[in-house]
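The following paragraphs lead the reader through part of a protein structure, beginning with its strands and ending with its cysteines.

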Amino acid sequence: MKLFFAPMEGVAHHLFRRAQAACFHPADEYFMPFICPKNHSLTHRERADITPENNPGVHAIPQILANDPEPFLWATQMLADMGYDEVNLNLGCPSSTVVRKGRGAGFLADTDKLRAFFDEVYTKSPLPVSVKTRLGMSDPAEFEKLLSIYNHYPLKRLIIHPRVREEQYGGQVHLEWFQYAEKESRAPVVYNGDLFTPEKIRAFDETHPYVSGIMCGRGFLLHPGLYGLVHGEKESVEKLEAFHAMLYEGYRRDIGTEAFVIMKMKEVWAMLGRGQGLGKKTMKQIHKSSRYDHYEAAVKAAMEEIASRG
């Protein structure tokens, strides 16, 4: 089984990837949060995230959010020049801001435009292109037509989050449509959606032996040592402390503003604390922190609580 790190914007950036890979069993591949090329340029944040120097020791795959072949191909050539070996097209983001512009999951609504996009991209791209998709906009049955389109092109792989755009990240996944893809897709399929624990991942792997991989986002935020846990390793407090120290130091070095660094670390603890089962009192100490010394004292208490449970 291969386990992939999902491209979650805001938290799953290069600092998190590097700390996770250095302190725990690394994911097989790390899909990056999307870049959105405009006028042959990227934001400073996007450039920092994809810079190879910021991704040492991880097999990282950039993701592109676009509905126009020209900027997509410009970005792909730039990434090829950087040494990347694959790009991923985002057809899954359900954000209203993205969808209104016909990107992400919004691109799924215009299948004629999608075909034209693929005609050009798969003819001219200097890199293999994989696709991360939802089942459609509002009806899971839309996926039958979408898959017939995907099957006309040499997708490196097809990563499927088996929900429609309107469902966002809530409700039950439509596993029957993923099973349809397992049988009908010409590209290797990867599953993404609601597998947060080692037990659920192992159970899915046992019942879907021909799936080429499982992609986890929130699972890695809850348990940075997720891959190791799947294979029977322990997510020790020593590893958690090393992971936290590397991430915290990275934020302090790259951001520098005390309030913003603490805010970003609180975002990490919002998931990490849940995954570690921290008590309300401990989590409240972290979330009340407004200075480095307060935050560090709260984290020390959190690590002591985790260690006390063995």
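**Strand 8 and its neighbours**

In this predicted model, a right-handed β-α-β unit is formed by strand 8, helix 8 (residues 198–207) and strand 9. Strand 8 and strand 9 (residues 213–216) run parallel and are joined by three bridges. Within this pairing, asparagine 192 lies opposite methionine 215 of strand 9.

Strand 8 also pairs with strand 7 (residues 158–160), again in the parallel sense and over three bridges. Here valine 190 of strand 8 has isoleucine 159 opposite it. Between these two strands the chain passes through helix 7 (residues 175–184), and the resulting β-α-β crossover is right-handed.

Where do the side chains of strand 8 (residues 189–192) point? Val189 and Tyr191 are directed one way, whereas Val190 and Asn192 are directed the other way. This arrangement may be read against a general rule: in a regular strand, side chains alternate between the two faces of the sheet. All four of these strand 8 residues, Val189, Val190, Tyr191 and Asn192, are buried.

The cysteines may be considered next. How many disulfides does the model contain? The count is zero, a disulfide being a pair of cysteine sulfur atoms within 2.5 Å. Cysteine 23 takes part in no disulfide, since the nearest cysteine sulfur, belonging to cysteine 216, is 19 Å away. Cysteine 23 nevertheless counts as buried, because its relative accessibility is 17%, which falls under the 20% cut-off. For cysteine 36, the closest cysteine sulfur is that of cysteine 93, and the separation of 10 Å is too far for a bond. Cysteine 36 is likewise classed as buried, because its relative accessibility is 11%.

Terms used: Residues are numbered from 1 along each chain as its sequence is written. This is a predicted model: local features need pLDDT of at least 70, side-chain atom pairs count only at pLDDT 80 or more; totals for chains, interfaces and linings use all residues. Side-chain values use heavy atoms; hydrogens and water are left out. Buried means under 20% relative accessible area, exposed over 50%, partly exposed in between (1.4 Å probe, protein chains only). Helices (H or I, at least four residues) and strands (E, at least two) are DSSP runs, numbered from the N terminus. Two strands pair if DSSP finds at least two bridges between them. A crossover is right-handed if, with the strands pointing away from the viewer, the path from the first strand over the helix to the second runs clockwise.
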